[in-house]
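Hi everyone, thanks for making the time. I'd like to walk you through a structure that will be new to most of you, so let's put it up.

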Amino acid sequence: MNGAMSICRASSGKDRKMENKKVWLVTGCSKGLGKALVEELIAQGYPVIGTSRSRESLEKIFGAERENFLPLAMNVKEEADVKKAVEGGLAKFGRIDVVVNNAGFTHLATIEEMSDADAREEFDINVFGLLNVTRNILPIMRKQQRGHIFNVSSLGAYSVGPLSGIYCATKHAVKAISETLAQEVKEFGIHVTDVKPGFMRTEFFGSSYKTTAPKGSPYKHLYDANMEFYMGQNGNQIGDPKKAAKLYIEVAEMENPYESLPMGTDCCDGIHDICAGTVKLMEGMRSVAETTNY
């Protein structure tokens, strides 16, 4: 009897401890930064809804469903699928406090040689998938009068380069969506953070990218030079995904969290240089711009 009561008390104490933790939903967490974040959240005792296109892949990495972890198959491109997953997470934990729109990938190809289908797939996942999740989570957060959405853009939200034009276009879009959304939902107690990772030491240039270099391409020299650069980054990136995961959690616990969150000095330096160049360009072009004034 006493033993049973002790177990009950311990269980209740654990339940209360978990109740005080924010409930996280992370998309695209079977690899990369999303995987590192879910591992850290579980280690710190946070309730987590982890999503990927395959539930089996999540269970293989993080284990089966349990008290503080719910693995769900979810295709961000399908709004009905997203709605079902969000409802499943809500049914298990009763609320969703933090969402990380992490799902995304890059397809490296020149603008001319990127097919319509490939360009649309990249936008479908990186942009429209993010919008699907956001639309389905906001009514919940507005009702709660609290919440935090992390949207993962990139250093690529500022920079561009050969082969990465479509990827960078998706990340420019994510940055604009995040900054706009932050203004729209602030009155409901909802925070939005645009996350800008630099090069992170993940599978990004391993198993998480695609490329299509047609045989006999007139851009072969661009493919050769740029793929040599990207492959040289693989395994040598400055960014530590484990430290990035801890930073996510620190920011989510802030009373006034950052709306813009660069990760890595390469990101800060890159954005600084790009913005400085833009300011210099506009100063030089002012006399030209004035010619169109009334």
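Let me begin with a bit of vocabulary: two strands pair if DSSP finds at least two bridges between them. Helices (H or I, at least four residues) and strands (E, at least two) are DSSP runs, numbered from the N terminus. What you see is a predicted model, where local features need pLDDT of at least 70 and side-chain atom pairs count only at pLDDT 80 or more, while totals for chains, interfaces and linings use all residues. Residues are numbered from 1 along each chain as its sequence is written, and side-chain values use heavy atoms, with hydrogens and water left out.

Okay, strands. Asn101 of β4 (residues 98–101) has Asn151 in β6 as its bridge partner. β4 and β6 run parallel, with four bridges between them. β4 also has β1 as a parallel neighbour, joined by three bridges, and there Leu25 stands opposite Val99.

Now look at where the β4 side chains go. I'll say "buried" a lot, and that means under 20% relative accessible area; exposed is over 50%, and partly exposed is in between (1.4 Å probe, protein chains only). In a regular strand the side chains alternate between the two faces of the sheet. In β4, Val98 and Val100 point one way, Val99 and Asn101 point the other way, and all are buried.

Compare that with β9 (residues 260–263). Here Leu261 and Met263 share one face and are buried, whereas Ser260 and Pro262 take the other face and are not. β9 runs parallel to β7 (residues 190–197), joined by four bridges, and one of the partnerships is Lys196 with Pro262.

Next, β2 (residues 48–52) and β3. These two are parallel, with five bridges, and Ile49 is partnered with Leu70 in β3. To get from β2 to β3 the chain goes through helix α3 (residues 55–62), and this β-α-β crossover is right-handed. By right-handed I mean that, with the strands pointing away from the viewer, the path from the first strand over the helix to the second runs clockwise. β3 itself (residues 69–73) is mostly covered, with four of its five residues buried.

While we're on strands, find Val26 in β1. Val26 has a relative accessible area of 0%, so we call it buried. Its C-alpha is 5.2 Å from that of Gly50, although the two are 24 residues apart along the chain.

On to the rings. A pair of aromatic rings is described by the distance of the centres and the angle of the planes. Rings of Phe, Tyr and Trp (its six-membered ring) pair if their centres lie within 6.5 Å; planes under 30 degrees apart count as stacked, over 60 as edge-to-face, and the rest as tilted. How many aromatic pairs does that rule give? The count is four. Take Trp24 and Phe150: their ring centres are 6.1 Å apart and their planes are at 10 degrees, so this pair is stacked. Trp24 is in β1 (residues 24–26) and Phe150 is in β6 (residues 147–152), so to speak a link between distant parts of the chain, 126 residues apart. Trp24 is buried at 0% relative accessibility, and Phe150 is buried at 0% too. Ring pairs also tie Trp24, Tyr46, Phe150 and Tyr248 into a cluster.

Some charges sit over rings as well, meaning that NZ of Lys or CZ of Arg is within 6 Å of the ring centre and within 35 degrees of the ring normal. Lys21 has its charged end over Tyr46, 4.4 Å from the ring centre. Arg142 does this over Phe188, at 5.8 Å from the ring centre.

Let's move to helix α9 (residues 265–289). Its 25 residues reach 34 Å from first C-alpha to last, close to the 36 Å expected at 1.5 Å a residue; the expected span is 1.5 Å times one less than the number of residues. Where does α9 bend? The bend is at Glu283, by about 35 degrees, taken as the angle between axes fitted to the seven residues ending there and the seven starting there. Cys267, Gly270 and Ile271 of α9 are buried.

Last stop, two loop residues. Gln145, in the loop between α5 and β6, has a positive phi of about 60 degrees although it is not a glycine. Leu163, in the loop between β6 and α6 (165–185), has a positive phi of about 80 degrees, and it is not a glycine either. Are they buried or exposed? Gln145 is partly exposed, with a relative accessible area of 46%, while Leu163 is buried at 3%.
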